[in-house]
Amino acid sequence: MRTQFAALCYRVNKKGKHKILLVTSRRSGRWIIPKGWPMNGQTPAAAAVQEAWEEAGVRGTTTGQCLGLYSYQKRHRRAAPLPIVVMVYPLAVTEMEDDFPEQGQRERKWFSPKKAAGKVQEPELARILQEFCPAAL
């Protein structure tokens with residue numbers, strides 16, 4: 001079992017409604033939230049913020065509080081699937097750049113919480129997305 005850290009990237013419009021940013025995975029093209037491995041010298045929340053920049057080109061602020069966990073099986077071409085637990089951290093997006101490290105390798109798109117939940121494959125992540133409420137942070 002390994003651990004990854006993810007950013008639930010969101011923005012709130014003038015009417016108080018929020019949207020969630022999803023990106024596509026590089027290999028399969030399925031919708032996910034930005035996530036990655038622990039980084040030396042970084043807190044889990046800081047690692048999630050770094051992954052959001054690298055994978056989605058967004059910057060913002062986080063409370064550092066974990067919203068929840070979800071699990072999945074990381075598939076490798078020549079090895080058995082690796083069980084992963086992902087800790088999810090909220091990221092209020094303040095900047096979105098067109099030039100970022102994984103630009104051209106991923107698609108990114110804003111969704112309502114309900115639509116975002118319907119796009120991801122992991123049931124636990126879908127629940128986190130659908131139940132997420134920025135006002136409660």
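**Exercise 1. In which strand is Ser71 found, and is Ser71 buried, partly exposed or exposed?**

Solution. The model is predicted, so that local features need pLDDT of at least 70 and side-chain atom pairs count only at pLDDT 80 or more, while totals for chains, interfaces and linings use all residues. Residues are numbered from 1 along each chain as its sequence is written, and side-chain values use heavy atoms, with hydrogens and water left out.

Step one is to place the residue: Ser71 is found in strand E6, where helices (H or I, at least four residues) and strands (E, at least two) are DSSP runs numbered from the N terminus. Step two is to apply the cut-offs, by which buried means under 20% relative accessible area, exposed over 50%, and partly exposed in between, with a 1.4 Å probe and protein chains only. Ser71 has a relative accessible area of 35% and is therefore partly exposed.

**Exercise 2. Find the strands that pair with E2, and describe how far E2 is covered.**

Solution. Two strands pair if DSSP finds at least two bridges between them. Begin with strand E1 (residues 2-12), which pairs with E2 in the antiparallel sense over four bridges; here Tyr10 has Ile20 of E2 as its bridge partner. The two strands form a hairpin with five residues between them, and in the turn Gly16 has a positive phi of about 85°.

Next, take strand E3 (residues 31-32), which is joined to E2 by two bridges in the antiparallel sense, with Val23 standing opposite Ile32 in E3. In this hairpin six residues lie between the strands, and Gly29 takes a positive phi near 75°.

Then turn to strand E8 (residues 108-111), antiparallel to E2 over four bridges, where Leu22 stands opposite Lys109. Finally, consider the covering: E2 (residues 18-24) is mostly covered, since six of its seven residues are buried.

**Exercise 3. Describe the largest pocket by its volume, its lining and the classes of its residues.**

Solution. On a 1 Å grid over the protein atoms alone, a pocket is an open set of points where a 1.4 Å probe fits, with protein on both sides within 12 Å along at least five of seven lines, and lining residues have an atom within 4 Å of a point. The largest pocket has a volume of about 560 Å³, a volume being the space filled by probe spheres set on the points, which are joined across faces, edges and corners.

The lining comes next: 20 residues line this pocket, and Ser25, Arg30, Lys35, Tyr72 and Lys74 lie nearest its centre. Strand E4 (35-36), helix H1 (44-56) and strand E6 (68-74) are the elements that give two or more residues to this lining, and the largest share, three residues, comes from E6.

For the classes, Ala, Val, Leu, Ile, Met, Phe, Trp, Tyr, Cys and Pro count as nonpolar, Asp, Glu, Lys and Arg as charged, and the others, Gly among them, as polar. The lining then has three nonpolar, six polar and 11 charged residues.

**Exercise 4. Which charged residues sit over the rings of Tyr72 and Trp53?**

Solution. A charge sits over a ring if NZ of Lys or CZ of Arg is within 6 Å of the ring centre and within 35 degrees of the ring normal. For Tyr72, Lys35 lies over the face, at 5.1 Å from the ring centre. For Trp53, the charged end of Arg59 sits over the ring, 3.7 Å from its centre.
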